[in-house]
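User: I am new to this structure and would like to learn how to read some of its features. Could you take me through them with the general idea before each case?

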Amino acid sequence: MMSETQRTLFNERAGGLLIAGAFVLLLIVVVVRVLSPDPVRHAPEPVKSETLSEPRRVQRTPPRVFDSEAFYRTIIDNNIFRPLGWRPPVPREPYRLLGTVLSRDAHTPPKAIIQTTAGQQTYTVTTGEQLDTNITVTDIQPRMVILDKAGQQITLKLEISPWLNTKGSRAHPR
């Protein structure tokens, strides 16, 4: 048990510690208030502007429209259920050039032999003729034909096999 003197000594120490703690807390509050910027005191002053006779017009951007076609196109193009290494098929031209006939005199127009890739029909055409309702032959060159499809130029080139000899040399006799 504590004696009376010990109690008073304890109470004096506790009171002193309480007062010291209060001073430390007060010091912390003062330091924080002084060192931290005051938002009201350091706020920039509003810019004073002259009033205009007309009200100011604010141009707003229209809301962004969701493009569902592009969204779903990404999903279709990157289908996770396709086999690895799958590539989309290469679009084929509707026509294939089989050959060109260029004349040596100026009176005979050049001709081209063109075959459809779908129907296997063969056409012999000259410059200016139509293959289809919107496809016209515009130019015939050696091993090349230029077609016009609604303002877009399509170039057909002659596919030459590496096994064919285009130089015209003869086979060696045995």
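User: Where does Arg143 lie in the chain, and what is the sign of its phi?

Analyst: The general idea is that most residues other than glycine have a negative phi. In this model, which is predicted, Arg143 sits in the loop that joins strand E4 (135–141) to strand E5 (144–149), and its phi is positive, about 60°, although Arg143 is not a glycine. Arg143 counts as partly exposed because its relative accessible area is 47%, which falls between the cut-offs of 20% and 50%.

User: What is the phi of Ala150, and is that residue buried or exposed?

Analyst: Ala150 also belongs to a loop, the one between E5 and E6, and its phi is near 55°, a positive value in a residue other than glycine. Its relative accessibility is 69%, so Ala150 counts as exposed, the cut-off for that class being over 50%.

User: How should I read the order of elements, and how many helices and strands are there?

Analyst: The protein chain has two helices and six strands, and from the N terminus on they follow the order α-α-β-β-β-β-β-β. Of the 174 residues in the protein chain, 11% are buried. Among contacts with a separation of 6 or more, 26% link residues 24 or more positions apart.

User: What span should helix H1 have, and how far apart are its end C-alpha atoms?

Analyst: An α-helix has 3.6 residues a turn, so residues three or four places apart point the same way. Helix H1 covers residues 4–35, and because each of its 32 residues counts for 1.5 Å, the expected span is 46 Å, which agrees with the 46 Å between its end C-alpha atoms. H1 is hardly covered, since the count of buried residues among its 32 residues is zero.

User: Is Thr126 buried or exposed, and which residues does it touch?

Analyst: Thr126 is found in strand E3 (residues 122–126), and it is buried because its relative accessible area is 16%, under the 20% cut-off. Leaving aside residues up to four places away in sequence, Thr126 touches Pro109, Pro110, Lys111, Val137 and Ile140. Thr126 and Ala112 are 14 residues apart in sequence, while their C-alpha atoms are 6.4 Å apart in space. The side chain of Thr126 also makes a polar contact with the side chain of Glu129, at 3.0 Å.

User: How is empty space found, and which residues line the largest pocket?

Analyst: Rolling a probe the size of a water molecule over the atoms shows where empty space is left. The largest pocket has a volume of about 150 Å³, and its lining consists of Arg92, Glu93, Tyr95, Arg96, Leu97, Thr117, Thr155, Leu156, Lys157 and Glu159. Strand E1 (95–101) and strand E6 (152–157) are the elements that give two or more residues to this lining. By kind, the lining residues divide into three nonpolar, two polar and five charged.

Definitions and conventions: Residues are numbered from 1 along each chain as its sequence is written. This is a predicted model: local features need pLDDT of at least 70, side-chain atom pairs count only at pLDDT 80 or more; totals for chains, interfaces and linings use all residues. Side-chain values use heavy atoms; hydrogens and water are left out. On a 1 Å grid over the protein atoms alone, a cavity is a set of points where a 1.4 Å probe fits but cannot get out, and a pocket is an open set with protein on both sides within 12 Å along at least five of seven lines; lining residues have an atom within 4 Å of a point. Grid points are joined across faces, edges and corners, and a volume is the space filled by probe spheres set on the points. Helices (H or I, at least four residues) and strands (E, at least two) are DSSP runs, numbered from the N terminus. Ala, Val, Leu, Ile, Met, Phe, Trp, Tyr, Cys and Pro count as nonpolar, Asp, Glu, Lys and Arg as charged, and the others, Gly among them, as polar. Buried means under 20% relative accessible area, exposed over 50%, partly exposed in between (1.4 Å probe, protein chains only). Contact means heavy atoms within 4.5 Å. A polar contact is a pair of N or O atoms within 3.5 Å; within protein, one must be able to donate a hydrogen and the other to accept it, and residues adjacent in sequence count only if both atoms are side-chain atoms. The expected span of a helix is 1.5 Å times one less than its number of residues.
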